[in-house]
Amino acid sequence: MTNIRPITKEEPYKIVFVCLGNICRSPTAEGIMQHLVNERGLQSYFYIDSAGTSAYHIGEPANSKSQQTANRHGVKLHSRARRFEAADLEEFDLIFAMDHENYSNIKELDKNGKYTDKVLMMRKFDPQPDDKNVPDPYYGGMDGFEHVYEVLRRSCEKLLDELSERIDH
Ligand code: 4NP
């Protein structure tokens, strides 16, 4: 992975998950990651957020199918949709795009390519990366939401395993 700085309580590591609407995929990633961080007692070391590249759903909670799916797995989604903005490129240590379109939209805000190293594809951490996109479940049925949950769960576990090696206790 990108060179990860030491992670301390004084300077928690800031991660933002990004999709199109910020109501399905990225809130699920945020909820799972926060759940894993809490489960491992690492709350002081991480700050987890999510955002969308579009303005379609600003202020909305996570989609009800995303919430139902996460709840079935014991994960709560607390997000309110917001738009990803250029200032987030500076603010966060790592920025995760759910698909290639999200990646391009994020990179369009990075005019000079200064932040290339911190923008990554989410499925880089998936042991079964498929076509590298987390598929958009918005127009489909519950099975699509379940699939997204499974992909994000195993990707977040792998990501947190790797980041945890950089924690300076
Ligand atoms: P998300 O899903 O990007 O995973 O939050 C979508 C939500 C809304 C729309 C598209 C995708 N939309 O077109 O409104």
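Where is Asn22 found, relative to strand E1 (13-19) and helix H1 (25-39)? I looked this up before anything else, and found Asn22 in the loop between these two elements, where helices (H or I, at least four residues) and strands (E, at least two) are DSSP runs numbered from the N terminus.

**Ground rules.** I note that this is a predicted model, in which local features need pLDDT of at least 70 and side-chain atom pairs count only at pLDDT 80 or more, while totals for chains, interfaces and linings use all residues. Residues are numbered from 1 along each chain as its sequence is written, and side-chain values use heavy atoms, with hydrogens and water left out.

**Entry on two loop residues.** I checked phi for Asn22 and read a positive value near 60° in a residue other than glycine. Most residues other than glycine have a negative phi. Asn22 is also buried, with a relative accessible area of 0%; buried means under 20% relative accessible area, exposed over 50%, and partly exposed in between, with a 1.4 Å probe and protein chains only. I then turned to Asp130, a residue other than glycine whose phi is positive and near 55°, and which sits in the loop between strand E4 (119-121) and helix H5 (142-164). Asp130 is exposed, at a relative accessible area of 62%.

**Entry on the ligand.** I listed the residues around the ligand, counting a residue as near if one of its heavy atoms lies within 4 Å, and Asn22 is among them, as are Gly21, Ile23, Arg25, His57, Asp136 and Tyr139. By class, I find seven nonpolar, three polar and two charged residues in this shell, where Ala, Val, Leu, Ile, Met, Phe, Trp, Tyr, Cys and Pro count as nonpolar, Asp, Glu, Lys and Arg as charged, and the others, Gly among them, as polar.

Which backbone atoms does an oxygen atom of the ligand approach? I found a distance of 2.8 Å from a ligand oxygen to a polar backbone atom of Gly21, and one of 3.0 Å to a polar backbone atom of Ile23. From the side chain of Tyr139, an N or O atom is 3.3 Å from an oxygen of the ligand. Taken alone the ligand exposes 350 Å², of which the protein buries 93%, with accessible areas from the Shrake-Rupley method and a 1.4 Å probe.

**Entry on helix H4 (residues 100-108).** I looked for the buried residues of H4 and found Asn102, Ile106 and Lys107. Seen down the axis, they fall within an arc of 130°, so they line one face of the helix; the arc is that of the directions from the helix axis to the C-beta atoms. Their cover includes E1, H1, helix H3 (86-91), strand E3 (94-97) and E4, contact meaning heavy atoms within 4.5 Å. At the start of H4, I noted a side-chain oxygen of Asp99 within 3.1 Å of the backbone nitrogen of Glu101.

**Entry on three serines.** Ser26 belongs to helix H1 and is buried, at 0% relative accessible area. Not counting residues up to four places away in sequence, Ser26 touches Phe17, Val18, Cys19, Ser50, Ala51 and Met98. I also looked up Ser66, in helix H2 (residues 64-72), which is buried at 3% and touches Ile23, Cys24, Thr28, Leu77 and Phe145, with the same neighbours in sequence left out. Ser155, in helix H5, is buried at 0%; leaving aside neighbours within four places in sequence, Ser155 contacts Met122, Phe125 and Asp126.

Notes: Polar contact = N/O pair within 3.5 Å; in protein donor to acceptor, adjacent residues only side chain to side chain.
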